[in-house]
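Colleague: Please zoom in on a single part of this model for me. Pick one residue pair to start from, and work outward from there.

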Amino acid sequence: MLKATIDADIFRETIDAISALVPECRLHTAEDGISTRAVDTANVAMIAITLKKEAFDSFKANASEIGVDISKMKNIFNMASKGDLISIELPDNAQKMAVSVHGYHYSITLLDTNTIRKDPNSPTINLPGKVVIAGDDLNNAIKAAAVISDKMALGINTKDQTFFMIADGDTDNIRREFSKDELKSITAMEARSLFSLDYLKDMGRVMSKAAEVEICLGIDHPVKFSFDIAGGNGHVDYLLAPRIEAD
Amino acid sequence: MLKATIDADIFRETIDAISALVPECRLHTAEDGISTRAVDTANVAMIAITLKKEAFDSFKANASEIGVDISKMKNIFNMASKGDLISIELPDNAQKMAVSVHGYHYSITLLDTNTIRKDPNSPTINLPGKVVIAGDDLNNAIKAAAVISDKMALGINTKDQTFFMIADGDTDNIRREFSKDELKSITAMEARSLFSLDYLKDMGRVMSKAAEVEICLGIDHPVKFSFDIAGGNGHVDYLLAPRIEAD
Amino acid sequence: MLKATIDADIFRETIDAISALVPECRLHTAEDGISTRAVDTANVAMIAITLKKEAFDSFKANASEIGVDISKMKNIFNMASKGDLISIELPDNAQKMAVSVHGYHYSITLLDTNTIRKDPNSPTINLPGKVVIAGDDLNNAIKAAAVISDKMALGINTKDQTFFMIADGDTDNIRREFSKDELKSITAMEARSLFSLDYLKDMGRVMSKAAEVEICLGIDHPVKFSFDIAGGNGHVDYLLAPRIEAD
């Protein structure tokens, strides 16, 4: 059972974060909010997102699992205007979710959760290097790198306490260093791993709206991006596996 | 013979209304203004449009019929700036129309009216249900419906005096009800018919600019949309045939 | 050797002017600035551009020739924000140019100048008709003509001292006359030549930003467009060969 109303902008922020990685997901409802955890089809990237009860204007739910087609959630934006409240209602064991917004009543057939991949386990990995950076700085560097290459190294230089991003193209390369002054904070442990820009670009678009993104890094290890949504009443973790550095 | 000057915005409004349905038309000139009546190639939708003498800055014409390629009329917009006057001149029996705007002189070869479909007769149909609604409310509901389906029912619920639009997709449906408060007026006679969203979308774009659109409806009957253009000195009727409701 | 810093907007203006004609060029560096001269692959259009030392915030160079891939120069814009300074460094005999902007370090492999067409000679032609016109007036007339044709005549009418542009389509034609009042100046010598709108469109986009464009014309001769960039510290000449007027 789920019965909730939510601001259209917060709803959009949440759906955008999920749709950067997966077209459908298992949404867990609980008394204190909703959450989902999903892996992309290639098993390269994972998202874990939670939206607390407090992110909603009203919220009532019990523990359940629903199968959601993310593209249909996007349709709801078209019907909403800025400041609109979206109301969502899903009776126990119902196959259809009723969404009301701006005079529209939208009935959405849910996906069978058996057809959606099981929730991934959260891997236990040790990522000692930590950096906190403005989301649009991060996204701009990703966009610049994507122009010349399809992969990008992220790392920390302990000597000069900088966070760096390096993209090597066939003939050219781009290096962006963020000094301590340009970062919100840095825990300077040696780190450097290589990542696919395809994934970084999609994540970057979402993260560009976050005032602060925490980046956790290791050596040839995954990267974890963490940031708040819904004014602090929601949280997103993106985990991205490294690529192998071929020479 | 036609010799007239017209504000670029009014000209654009007129051409946009026609181009939503047909790429070419027979334009009738007369002493008191111009008019056209045309049916789309599939015989599903009809437009009747009149532009009174008063919609022009200057106007002189006698009764005649000219064949107009609507896409060429659109070219004229590119040359005009906001507030420009467009001057049009067509001598008796001329094959070319001379258009002047913003220093440009554009000579357009007219179409042979024999190659354009004859004017359709205005069907005599009784559409007892009437609703007057803001054009952008109408267009927004059409756009929302188009996301999940290719057809849409329009109707009036006499019990609760509402105007409704319902789109049924394969698995989902959207319903938009307009209460008496959301409408400019309603004559609540039982009505419900199904229409192609392809046509409604094109018409909706044009109607979105009208402050008021009158909608006349019946049961499994065509719909008629009526609205003013040119600050009340012009008028458009769109007539759209219903689709058969298959289950 | 080249070591310079330049405002991002001036850099963009310069690259845009070149990229309208060629995807790569030989850039000449000298003590007093940089310059290039290039012909398009079809040998129809030529650009000669100079950027004086004064256009730069700092500039030091000796006489040399470097091969530049224009599309890579465009990448630099993505990294720059308004008001950013771009710093460029190229040691003697280096194959790589180092560009720094907004925290980015971009290393660009230069092209082998042997693979780029030799500099064209500046043809000695006599173009007696001269007109100075606002760049956006010129560009608007080009855009209007491009809607109905792929070629356009430019000329001067000595009788009424007007500059004219005429495009003849299959059935329609557009004529735009600029009277003395609409021009910055005119040297009214009889002139009329026909040009490809493909080239004019690309040039027009660049010239639309110039306050004044000088147009030099003859009879069935090339046209030369001249305008300043970089607040007068740079200059561009476009030369375009005429098309043969077929009837």
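**Starting at the A–C contact**

Modeller: Let's begin with Arg176(A), which stands opposite Tyr104(C) in S9(C). Before going further, the ground rules: this is a predicted model, in which local features need pLDDT of at least 70 and side-chain atom pairs count only at pLDDT 80 or more, while totals for chains, interfaces and linings use all residues. Residues are numbered from 1 along each chain as its sequence is written, and chains are lettered from A and ligands numbered from 1 in the order in which they are written.

That pair belongs to a join between S13(A) and strand S9 (residues 104-109) of chain C, which run antiparallel with 4 bridges between them. (Strands, E of at least two residues, and helices, H or I of at least four, are DSSP runs numbered from the N terminus; two strands pair if DSSP finds at least two bridges between them.)

Now widen the view to the whole contact. Chain A puts 12 residues against 11 residues of chain C, contact meaning C-beta atoms, placed from the backbone, within 7 Å. On the chain A side, helix H3 (135-146) and strand S13 (173-178) are the elements that give two or more residues. S13(A) gives the most, with 6 residues. Sorted by class, this side of chain A comes to 5 nonpolar, 2 polar and 5 charged residues. (Nonpolar covers Ala, Val, Leu, Ile, Met, Phe, Trp, Tyr, Cys and Pro, charged covers Asp, Glu, Lys and Arg, and the others, Gly among them, are polar.)

Where does chain B come in? Its contact with chain C takes 11 residues from chain B and 12 from chain C. Helix H2 (70-79) and strand S9 (104-109) of chain B are the elements giving two or more residues to the chain B side, and the largest share, 6 residues, comes from S9(B). By class, this side of chain B has 4 nonpolar, 6 polar and 1 charged residues. Once again there are strands in play: S9(B) and strand S13 (residues 173-178) of chain C run antiparallel, joined by 4 bridges. Within that join, Ser107(B) stands opposite Asn173(C).

As for how the copies relate, chain A can be laid on chain C by a turn of 120° and a shift of 0.1 Å along the axis, with an RMSD of 0.0 Å. That is the relation of a three-fold axis. The C-alpha of chain A nearest that axis is the one of Lys82(A), 17 Å away from it. (Copies are superposed by least squares on C-alpha atoms of residues with pLDDT of at least 70 in both.)

Next, look inside chain A. The domain assignment, which is automatic or from a database, splits chain A into domain 1 (2-115) and domain 2 (129-240). The two domain centres, taken over C-alpha atoms, are separated by 28 Å. Between them, 17 residues of domain 1 are in contact with 16 residues of domain 2. Helix H1 (8-19) and strand S4 (45-52) are the elements giving two or more residues to the domain 1 side, with S4(A) giving the most, 8 residues. That side divides into 11 nonpolar, 2 polar and 4 charged residues.

Ile47(A) is worth a stop here. Beyond residues up to four places away in sequence, Ile47(A) touches Ala17(A), Ile18(A), Leu21(A), Ala38(A), Val236(A) and Tyr238(A).

Val236(A) and Tyr238(A) take us to the last stretch, since strand S18 (residues 234-240) pairs with S17(A) in the antiparallel sense over 7 bridges. In that pairing, Lys224(A) has Leu239(A) as its bridge partner. The S17(A)–S18(A) hairpin has 4 residues between the strands, and Ala230(A) takes a positive phi near 55° there. S17(A) itself is mostly covered, with 5 of its 7 residues buried. (Counting other C-beta atoms, placed from the backbone, within 10 Å of a residue's own, buried is 20 or more, exposed is 12 or fewer, and partly exposed is in between.)

On the other side, S16(A) pairs with S17(A) over 3 bridges, also antiparallel, and Glu214(A) stands opposite Ser226(A). Asp220(A) is in the loop between strand S16 (213-217) and strand S17 (223-229). This hairpin has 5 residues between its strands, and Asp220(A) takes a positive phi near 50°. Asp220(A) counts as exposed because it has 12 C-beta neighbours inside 10 Å. Even so, leaving aside neighbours within four places in sequence, Asp220(A) is in contact with Ser193(A) and Pro242(A). Asp220(A) and Ser193(A) are 27 residues apart in sequence, but 4.4 Å apart in space, C-alpha to C-alpha.

Methods:
Contact = placed C-beta atoms within 7 Å.
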